[in-house]
Amino acid sequence: MLLPEAAHNKELIVQDLTCTGTARQRLMDFGIFKGTHITLKGAAPLGDPFIVGINNSTVAIRKEDAQKIIVTKGEDI
Amino acid sequence: MKIALAGNPNSGKTTLFNELTQLNQKIGNWPGVTVEKKEGKYFKDKSIEIIDLPGIYSLSPISEDERVANNFLKKENPDVIINVIDSTNLERSLALTLQLLETDISVVLALNMEDELAHNGLILNVTNIEKELSVPAVSVSARKKLHLDILIEKAKQISAAKRTAFKAGGKTEEEKAEFRHNYIISRINLFRTKTESKAQKCTDRIDKIVLNKWLAFPIFALAIWLMYFVSIQIVGEYGTSAMEWLFCDVIGEGLSVWLKNIGAAPWVVSLAVEGIVEGVGTVLSFVPQILMLFIFITFLEAVGYMARVAVIMDRLFRKLGLSGKSFIPMIIGTGCTVPAILSTKTIEDEAERRATIMLAPFVPCSAKVPVFALIAGALFPYNSFVAPSMYFMGILMVIIGGLILKTGRKNNTNRSSFVMELPHYRLPKFKNTATEVWNKIKDFIVRAGTVILVASIILWFLSHSNWAFETVKIEDSIISFIGAALSWIFTPLGFGTTAAVVAILTGMMTKELVITVFAVLLVGETDSSLNTALAAAFTPQAAYAFMTLLLLSPPCVAAMAAIRRELGSSKLMFAAIGFQCAMAYTVALIINQAGNLWQSDRTLCISLMTVAAVVAIIAISVYNVIRRKRTGAACGKCSGCRGCANASACSFKNDKTQN
């Protein structure tokens with residue numbers, strides 16, 4: 001599924017990044033690769049960007065970029 | 001010997017730099033505080049030069065500040081790179097380390113934030129990190145000044161020793177990035193043991209409130225209102241009147257008596273008391289308010305709220321052709337517009353960055369605030385919303401200005417990505433906050449002692465002399481001549497008086513001068529207090545229009561220079577200033593004319609305003625419909641074709657935004 005559709009506060013595993021260019025580079029800069037474990041913590045007040053937990057940090061990712069992160073459910077924490 | 005500090009944004013490079021050099025560069029808790037390289041000397045050994053660089057995630061820069069760091073590392077050949085690592089986030093930080101190890105510069109790791117490891121549930125294994133990456137590493141805390149000497153010792157040794165290289169597998173940049181990431185992840189458990197992170201839990205809890213759907217905006221508005229209310233209303237009331245008493249009654253009176261006693265000429269007494277003490281003293285009397293304002297801003301910067309504001313505002317600001325990151329300058333700008341304009345370097349998209357530079361000066365800086373405090377205090381003494389309303393008016397104008405600039409842009413598509421780290425909340429250290437506040441307030445005081453002092457003398461001279469340099473009353477002085485010659489420009493705004501006209505003109509240099517002008521020109525002659533003189537000189541609507549005009553006009557010469565530098569050409573700078581002045585004049589005109597109409601004929605005013613509002617709403621809706629058709633935004637199922645999973649089935653297939 002796409003990241004915005006995932007359940008909140010559950011562990012997710014990144015399956016693929018479909019974005020290109022700087023958006024893709026930025027996600028990788030933050031350590032988001034195929035196989036990375038992330039959690040969706042929620043969204044900003046206006047529904048965009050999304051708040052994503054990765055390792056011991058939190059990053060905000062715009063909807064259009066988040067829609068290009070394909071995830072599957074991981075084991076529940 | 002040259003040592004460069006490099007590492008991820010918000011990993012504590014500048015904190016380390018400040019400790020090593022004993023300098024006071026600006027620090028804060030959000031990615032992108034440092035946007036230019038800073039140089040200093042190690043305070044224990046002046047032969048060691050230390051260079052602080054803006055944060056980078058990799059050696060493939062995207063934004064302007066990253067380019068600065070990257071260019072330095074590639075072209076200036078430092079002897080050693082101290083790679084500052086956020087120890088609480090090794091997974092990300094060490095990927096950059098591997099990339100640095102691929103260059104031919106020696107690297108030492110500073111595993112920073114040692115003091116925060118326990119709170120994050122982490123224990124580091126420094127020996128394993130050193131062994132696996134074959135690079136010297138020291139666990140340090142820049143904030144607590146732990147092990148900094150050892151770090152420098154290791155840096156000295158490595159520069160003499162043979163450096164170790166790393167080679168990432170893969171051909172493309174992306175394959176290499178993946179290789180480095182996997183290299184770190186496969187060894188991460190050797191580097192650290194991990195238990196539950198209390199810091200993350202605590203941050204999550206605060207974020208639930210601060211980023212809450214319903215609470216986020218009220219909390220932000222409350223924070224800003226509180227900042228102005230406490231500074232201007234509470235501290236201002238007592239602090240400023242105490243300072244005024246000190247300057248006008250004690251120093252002014254004392255100086256005047258003393259000068260008369262030693263037999264000084266009357267014009268000397270007048271220059272000293274009415275010119276210098278009034279002109280400089282009135283500006284200095286606002287120091288308590290400005291101090292309070294700086295304390296608030298510094299706190300907001302240090303605690304970690306800035307990145308949240310960027311996130312909250314991103315959606316809204318994108319509609320204006322800006323980025324959420326554009327909001328950071330709008331908070332820094334409440335202190336000073338110059339660093340606000342510099343901080344736009346972190347905005348990746350050039351069009352967004354330019355628009356932000358043009359709009360950021362609409363946010364009232366700390367030099368504009370005393371003017372608002374003065375006028376609001378004189379004309380609206382019982383209304384605590386007038387001064388903060390200037391901030392929100394500024395933001396409103398950013399929104400309207402953003403829409404105007406966006407319409408003028410050829411390519412309306414929004415190409416930038418927005419991935420921003422939200423740092424852990426952190427209680428600011430008292431010493432750092434105090435230094436930061438002192439640095440800011442020092443500038444204000446220095447300006448009062450230099451620019452404003454000189455300007456006070458010139459103003460006094462111009463208001464006491466005619467073209468033949470004879471001493472005359474203010475009505476016949478050079479300044480009245482200038483005022484009268486230009487008053488037609490400002491009469492429609494409600495303030496064609498000499499003092500107001502001169503205030504606006506001199507205010508282009510720096511905004512505190514507006515206060516000086518009023519103090520010298522209004523008080524000098526009449527002998528009444530500045531408040532009474534101001535209340536007599538303005539109608540309420542003219543006063544509000546005057547405040548708005550000042551709010552939206554460029555803050556000072558230094559800000560204009562910063563705009564020129566960041567926009568890259570004088571032509572663009574004049575375009576920016578022209579745009580700001582046009583906005584300022586138009587809005588001030590509307591306020592004054594609407595106010596006048598309201599006073600003379602309320603029903604007509606209300607009906608006209610209703611008509612204007614209806615026309616505006618219709619115009620906006622029509623514009624939106626046309627725009628949607630053109631760009632294919634919101635074809636029903638998505639917020640725009642870019643990023644939409646249904647884009648291929650979308651009826652707006654020829655949409656430009658898909659590219």
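In this predicted model, Val250(B) counts as partly exposed, because its relative accessibility is 38% and the partly exposed class runs between 20% and 50%. Val250(B) belongs to helix H9 of chain B, which covers residues 216-261. On the surface, Val250(B) joins Trp245(B), Leu246(B) and Ile251(B) in a nonpolar patch. Together these residues have about 360 Å² of accessible area.

Two further residues were examined for their exposure and for their distance to a partner in the sequence. Ile70(A) lies in strand S5 of chain A, residues 69-73. With a relative accessible area of 26%, Ile70(A) is partly exposed. Ile70(A) and Glu5(A) are separated by 65 residues in sequence, and their C-alpha atoms are 9.8 Å apart in space. Phe538(B) sits in the loop that runs between helix H23 (530-537) and helix H24 (540-552) of chain B. The relative accessibility of Phe538(B) is 5%, so this residue counts as buried. From Phe538(B) to Val614(B) there are 76 residues in sequence and 31 Å in space, C-alpha to C-alpha.

Charged pairs were considered next. Side chains of opposite charge can pair when their charged atoms come close. Over all chains, the search of the whole structure finds 32 salt bridges. One of them joins Glu91(B) to Arg192(B), with the closest N and O atoms 2.6 Å apart. Glu91(B) lies in helix H3 of chain B (residues 90-102) and Arg192(B) in strand S8 of chain B, so this salt bridge ties together parts that are 101 residues apart in sequence. Both Glu91(B) and Arg192(B) are buried.

Another salt bridge is formed by Glu196(B) and Lys201(B), where the closest N and O atoms are 3.1 Å apart. Glu196(B) is exposed, because its relative accessible area is 56% and the exposed class begins over 50%. Lys201(B) has a relative accessibility of 41% and therefore counts as partly exposed.

A salt bridge also connects Lys325(B) with Glu348(B), whose closest N and O atoms are 3.3 Å apart. This pair links distant parts of the chain, 23 residues apart. Lys325(B) is placed in the loop between helix H12 (305-319) and helix H13 (327-332) of chain B, while Glu348(B) is placed in the loop between helix H14 (337-342) and helix H15 (350-359) of chain B. Lys325(B) and Glu348(B) are both buried. The two residues also take part in a network of salt bridges with Arg26(A), Asp29(A) and Glu66(B).

The empty space in the model was then examined. Rolling a probe the size of a water molecule over the atoms shows where empty space is left. The largest pocket has a volume of about 1,300 Å³. Its lining consists of 43 residues, and those nearest the centre are Thr39(A), Lys41(A), Gly53(A), Asn55(A) and Asp204(B). Strand S2 (37-43) and strand S3 (50-54) of chain A each give two or more residues to this lining. Helix H6 (173-185), helix H7 (188-191), strand S8 (192-194) and helix H8 (198-210) of chain B do so as well. By class, the pocket lining holds 20 polar, 13 charged and 10 nonpolar residues.

The structure also holds 4 cavities of 30 Å³ or more. The largest cavity contains about 640 Å³ of space. Of the 45 residues that line the largest cavity, Asn10(B), Gly28(B), Asn29(B), Trp30(B) and Val33(B) lie nearest its centre. The elements that give two or more residues to this lining are helix H1 (13-21), helix H2 (64-75), helix H11 (287-303), strand S9 (419-422) and helix H18 (430-449), which belong to chain B. The lining of the largest cavity is made up of 17 polar, 15 nonpolar and 13 charged residues.

In the second largest cavity there is about 140 Å³ of space. This cavity is lined by 16 residues, and Asp86(B), Thr88(B), Glu421(B), Pro423(B) and His424(B) are the closest to its centre. Its lining has 7 polar, 5 charged and 4 nonpolar residues.

How values were computed: Residues numbered from 1 in each chain as written. Chains lettered and ligands numbered in written order. Predicted model: local features only at pLDDT ≥ 70, side-chain atom pairs only at ≥ 80, totals over all residues. Heavy atoms only, no water. Patch = residues over 30% accessible without salt bridge, like charges linked within 9 Å, V, L, I, M, F, W, Y side chains within 5 Å. Areas by Shrake-Rupley, 256 points an atom, 1.4 Å probe, with all protein chains shown as cover. Salt bridge = Lys/Arg side-chain N within 4 Å of Asp/Glu carboxyl O. Helix = DSSP H or I, 4+ residues; strand = E, 2+ residues; numbered from the N terminus. Buried < 20%, exposed > 50% of the residue type's maximum accessible area, 1.4 Å probe, protein only. 1 Å grid on protein atoms, 1.4 Å probe; cavity = no way out; pocket = protein on both sides within 12 Å on 5 of 7 lines; lining within 4 Å. Points joined across faces, edges and corners; volume = space filled by probe spheres on them. Nonpolar A, V, L, I, M, F, W, Y, C, P; charged D, E, K, R; others polar.
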